[in-house]
Amino acid sequence: MLDFLETTNRVFEAGIAITALSLFLRALTFNLRDRVSRAFAVILACVMITSAGEAISDSLPLTGNLEFWLNFPWVGTIFLPAAYLHFSDALLETTGRPSRGRRRLAVRLSYVISAIFLALLVGGTLLGPAVLAREPVPHLTRTTASWIFTIYYLGVNVLALFTIWRSWQRTVLSASRRRLTYLFLGSLALAFGAYPFLLLGSGAAIAFPELFFLSAALGNVLVFGAMVAMAYATAFFGVPWPDRVVKSRLFRWLLRGPVTVFIVLALMPLVAPISALFNTQAAIMLPILIALSALITSHLITLFTPTLERWLLFAGDAGDVDFVQNLQERFLTDSDLRQFLEAVLAAVCDRLRVKTAFVAAVNGGELRAVVQVGSSKWLEKKQAAAELKQAALHNNGVPDVFSWGKFWILPLHTPQSGELIGLLGVMRHGKADLTAEQQKALADLGERATLALDNRRRQTEALASLESLGPRVDLIQRLRAASRFDQSEVLSEAAALPEYSDLVDWVKDALTHYWGGPKLTESPLRDLQVVQQAIADNESSPAQAVRTTLRAAIERNKPQGEPKLSGEWLLYNLLELKFLQGRKVRDVAMRLAMSEPDLYRKQRVAIEAVARSLLEMESKALKHQNGKEA
């Protein structure tokens, strides 16, 4: 029983360290820009150091550098109170109560005090000499400084928990309150379970080793659950994604990382009995067991994750989620369309014993070849394509085969409206007519080509509608995310501002087509409040309003003083020459006395400056609009 509890304790220590590392990497990857997430990443780093040190020290022999690894977990324990205070301050700020200076000062002071205790640990003053006898495990003895640290640990954590409780009081939404409850209870459990109580109660642990290992195992289970609960609640901070996306990404991250590794670790104690069963060495069986368990676990996770998500995460939205998840499998891309039409043409050529055929689609009023077999380059000539289209239209919408030059032509009409969407052409055999069987085969294959072209056209129209909704949906998601924990943020103009990275791309595209083009006329910049306000002054033309607004943003970057071609005027001159005057890159580079690669680097900096100016203009426009509505 004692060996089982000791092994379980080691497995959980290693599992906690690996889970903390995985969640730490996730925080660095997805939402490190948010202050709550950054503070939680510090907590995860402390837990990772503590658990990893304990797992290593419990596995080392009694000789060598064991004393170093007994001290190593204390690095995480020392900084954990400061990390909790930092985390609680960020939470309270997120709920609409920013620090007036005192909380920020307390956070900085706590990190300084933790650094002092770290110096005492390195100097050998914080902890006493090590007890290396395994009764119940090797441990360090306490000193007077240890008692002082314990009081500091308790006091700072109580202050942090009180601040988290204040954040909970300020939250109104039920979902946000529930997540802050997870954070409060998780913080309490994690702070309690992370403290090395063996420092204070080594005598009781020696007298009752079974009770010690049982309490240590339960404490590790508590720490693991608290850490996952806090990671779940923290995952919603600083991201504009819908809740279902946040849950799904975290769920898959935990399954493919910590859960897989945890299962492998849990199976490692079985190496000895399995090796004895197969009469082989443990060193041979260990890599086999690790590889098989990791492979089987990964396979099962891939197989059952969609079902688990529907049961656990998307119970009320299962139908919509299934539709979105399966959409990519139903979507017909241009490549898919060409592959299908190539198969249709191959069947046509095989049935009619010809080597040349084509399928052309009507796109934007013009006839363009989609797929062709053999020599039909004449379709690339606009005049020939226009004549063929007119001949098909003069067929009065009748889906019958007619002769045109050296080809038999089958018009392809939509089954709903009868609109001409394409043509199927087959090379003629001299002056011989098609037999009834050949006409029927050509009509059947034409129906399949019509179905593919019609579906692709409908999907293209649907995608265009979704793209036009993109900026509005992004705005709603950002407003919803901003008001998760502070409801007043739903009225904040900061939440309604576009993402800076998106704005840079929009500005670049619009400047590229500054004097006309789809990147200007269809630019998402049209939805900005500052552009909407400029439409009335630009003859109700959205394109002209975008152009005027961009010019105003460029003018905000115009330096003071006399114009010149270098120095602080360089970026403004680049924007003026390249975009406003529309000169070629080589001419602009020669005029500004720089190489073309250097010009492109400076151009990126100039566009980012315009985007920042546009962001300031949009912020003022939103404030002005909100003031009017108030």
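A charge sits over a ring if NZ of Lys or CZ of Arg is within 6 Å of the ring centre and within 35 degrees of the ring normal. This is a predicted model, in which local features need pLDDT of at least 70 and side-chain atom pairs pLDDT 80 or more, while totals for chains, interfaces and linings use all residues. Residues are numbered from 1 along each chain as its sequence is written, and side-chain values use heavy atoms, without hydrogens and water.

**View 1. Arginines lie over the rings of Phe236 and Trp408.** Arg179 is over the face of Phe236, 3.6 Å from the ring centre. Phe236 is buried (under 20% relative accessible area with a 1.4 Å probe, protein chains only; exposed is over 50%, partly exposed in between). Tyr232 is buried too. For the second charge, look at Arg428, which lies 4.7 Å from the ring centre of Trp408, over its face.

**View 2. Here are some of the 18 aromatic pairs of the structure (centres of Phe, Tyr or six-membered Trp rings within 6.5 Å).** Phe68 and Trp69 are edge-to-face (planes over 60 degrees apart), because their planes stand at 80 degrees, with the centres 5.2 Å apart. Phe68 is partly exposed, at a relative accessible area of 48%. Tyr232 and Phe236 also have centres 5.2 Å apart, and their planes are at 85 degrees, so this pair too is edge-to-face. Elsewhere, ring pairs join Trp74, Phe117, Phe149, Tyr152, Tyr153 and Tyr195 into a cluster.

**View 3. Helix 6 packs with helix 7.** The two helices (DSSP runs of H or I, at least four residues, numbered from the N terminus) span residues 144-170 and 174-194. Their axes (lines fitted to C-alpha atoms over the stretch in contact) are 9 Å apart, at an angle of about 175 degrees on a scale from 0 to 180 between N-to-C directions. That makes helix 6 roughly antiparallel (over 145 degrees) to helix 7. The contact (heavy atoms within 4.5 Å) brings residues of helix 6, including Tyr153, Leu161, Trp165 and Trp168, to residues of helix 7, among them Arg177, Phe184 and Leu188. By class, the contact of helix 6 with helix 7 has 10 nonpolar (Ala, Val, Leu, Ile, Met, Phe, Trp, Tyr, Cys, Pro), 5 polar (the others, Gly among them) and 1 charged (Asp, Glu, Lys, Arg) residues.

**View 4. Helix 7 also meets helix 4, residues 73-94.** The axes of helix 4 and helix 7 come within 11 Å and cross at roughly 170 degrees. The two helices are therefore roughly antiparallel to each other. Helix 4 contributes Thr77, Leu80, Tyr84, Phe87 and Leu91 to the contact, while helix 7 brings Leu180, Leu183, Gly186, Ser187, Leu190, Ala191 and Ala194. By class, there are 9 nonpolar and 3 polar residues, with no charged ones.

**View 5. Ile18 meets residues from another part of the chain.** Ile18 belongs to helix 1, residues 2-30. With a relative accessible area of 28%, Ile18 is partly exposed. Sequence neighbours within four places aside, Ile18 is in contact with Val261 and Leu265. The C-alpha atoms of Ile18 and Pro258 are separated by 6.4 Å, although their positions lie 240 residues apart along the chain.

**View 6. Arg310 sits in helix 12, residues 282-312.** Arg310 is partly exposed, at a relative accessible area of 29%. From its C-alpha atom to that of Ser248, 62 residues away along the chain, the separation is 10.0 Å.

Technical notes
Angles under 35 degrees count as roughly parallel, over 145 as roughly antiparallel, 65 to 115 as roughly perpendicular and the rest as oblique. Rings of Phe, Tyr and Trp (its six-membered ring) pair if their centres lie within 6.5 Å; planes under 30 degrees apart count as stacked, over 60 as edge-to-face and the rest as tilted.
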